[in-house]
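Biologist: I've got the sequence and the fold open on my screen. Could you walk me through how the strands and helices fit together?

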Amino acid sequence: MKMFAIFGNPIKHSKSPIIHKLFAKQLNILQQYKKIYVPINKFNNIVNYFFKHGGFGANITIPFKKDAYDICDFLTERGIKSGVVNTLKIIENNKILGDNTDGIGLLKDLQKINFIHKNSNILLLGAGGAAKGIIYPLINFGCKITITNRTYKNSCNLLKHFNNIKHIDVLKIEDINNIINKKKINYDLIINATSSSIKGEIPNISSNIIHSNIFCYDLFYDSSITPFLKWCLHHGAKKISDGIGMLIEQAAYSFFLWHGIMPNTTLILKEFKKKYS
Ligand SMILES: NC(=O)c1ccc[n+]([C@@H]2O[C@H](COP(=O)([O-])OP(=O)(O)OC[C@H]3O[C@@H](n4cnc5c(N)ncnc54)[C@H](OP(=O)(O)O)[C@@H]3O)[C@@H](O)[C@H]2O)c1
């Protein structure tokens, strides 16, 4: 039986084992998929041990996506573009192939729920691994992105990574209010790619970003509404969504990389919501 695992810290909250179990059942594939907690600084040892002892593929979550990128022997184009990976696969001669399925997974979900169009003006909150993974597919789709982050330097570093790509800029979080008032900017979509929701917090940002035509998306998923989405609704957002759709779509692209077959994600999302939320 092929062995898979998701590596992260924290990892308790991860729903990936449930999702991959549903995929495997839908497609009649026998596999094992478990959660592995990784102490900070132990990523390389633990992942290498897993692959040496029969591991076939892995998902990587917070905060190890850059560490995962660094151990890859080969990368898909999506992996190269984003500079971080969430999916690993053992290929011939025990080499590791890395891919990033976060961006394509998010884009697919945003399209399914009609939160995005080709010219969407997006405000992206956060500059960590998830933000890095989703920027390229969204820009490639035709959107404009403004990045803002608690630590300004980290958003500038992110911008540097994409320095040859148009339609991205950076704003200090404390300047957003002024810019909206002065330039009369209205974002179409806000994506919360910070990990604030994990701790029950919300990014410290002006509520002026919210208006009655805005879509708000939190990458985080929990069985109850995330604090960020609650705040968006309170300030009058048009529609909100958490990251469960993205979680299932990105997992499906990982599954495809490992098995060469794509699960029916619409059915899995329905089943997941019925049984697990
Ligand atoms: N639905 C999905 O499929 C999916 C996929 C990937 C990730 N995610 C979710 O996306 C989130 C981010 O993951 P990641 O891998 O990017 O994490 P990460 O690399 O650790 O980055 C965390 C980001 O959040 C910011 N942040 C943390 N706490 C904050 C707070 N209280 N207020 C404002 N900003 C805060 C950090 O800002 P600083 O730079 O200032 O530290 C940084 O920009 C997590 O919630 C994760 O579960 C979901």
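**Strands, partners and helices**

Modeller: Let's begin with one pair: tyrosine 217 stands opposite serine 241 in strand 12. Keep in mind that this is a predicted model.

Biologist: In which sense do strand 11 and strand 12 pair?

Modeller: Strands in a sheet pair through backbone hydrogen bonds, and there are two ways to do it. Here three bridges join strand 11 to strand 12 (residues 239-241), and the sense is parallel.

Biologist: What handedness does the β-α-β unit of strand 11, helix 9 and strand 12 have?

Modeller: The path leaves strand 11, goes over helix 9 (residues 227-234) and arrives at strand 12. That β-α-β unit is right-handed.

Biologist: Which residue is the bridge partner of leucine 189 in strand 11?

Modeller: Strand 10 (residues 189-192) runs parallel to strand 11, with four bridges between them. Leucine 189 has as its partner phenylalanine 215.

Biologist: Are the side chains of strand 11 buried or exposed?

Modeller: Side chains in a regular strand alternate between the two faces of the sheet. In strand 11 (residues 215-218), Phe215 and Tyr217 point one way, while Cys216 and Asp218 point the other way. Buried here needs under 20% relative accessible area, and all four names on that list are buried.

Biologist: Over to the six-strand open sheet: which are its edge strands?

Modeller: The order is 2-1-3-5-6-4, with mixed pairing. An edge strand pairs on one side only, and that fits strand 2 (31-37) and strand 4 (74-75).

Methods:
Residues numbered from 1 in each chain as written. Predicted model: local features only at pLDDT ≥ 70, side-chain atom pairs only at ≥ 80, totals over all residues. Heavy atoms only, no water. Pairing = 2+ DSSP bridges. Helix = DSSP H or I, 4+ residues; strand = E, 2+ residues; numbered from the N terminus. Buried < 20%, exposed > 50% of the residue type's maximum accessible area, 1.4 Å probe, protein only. Right-handed = clockwise from strand over helix to strand, strands pointing away.
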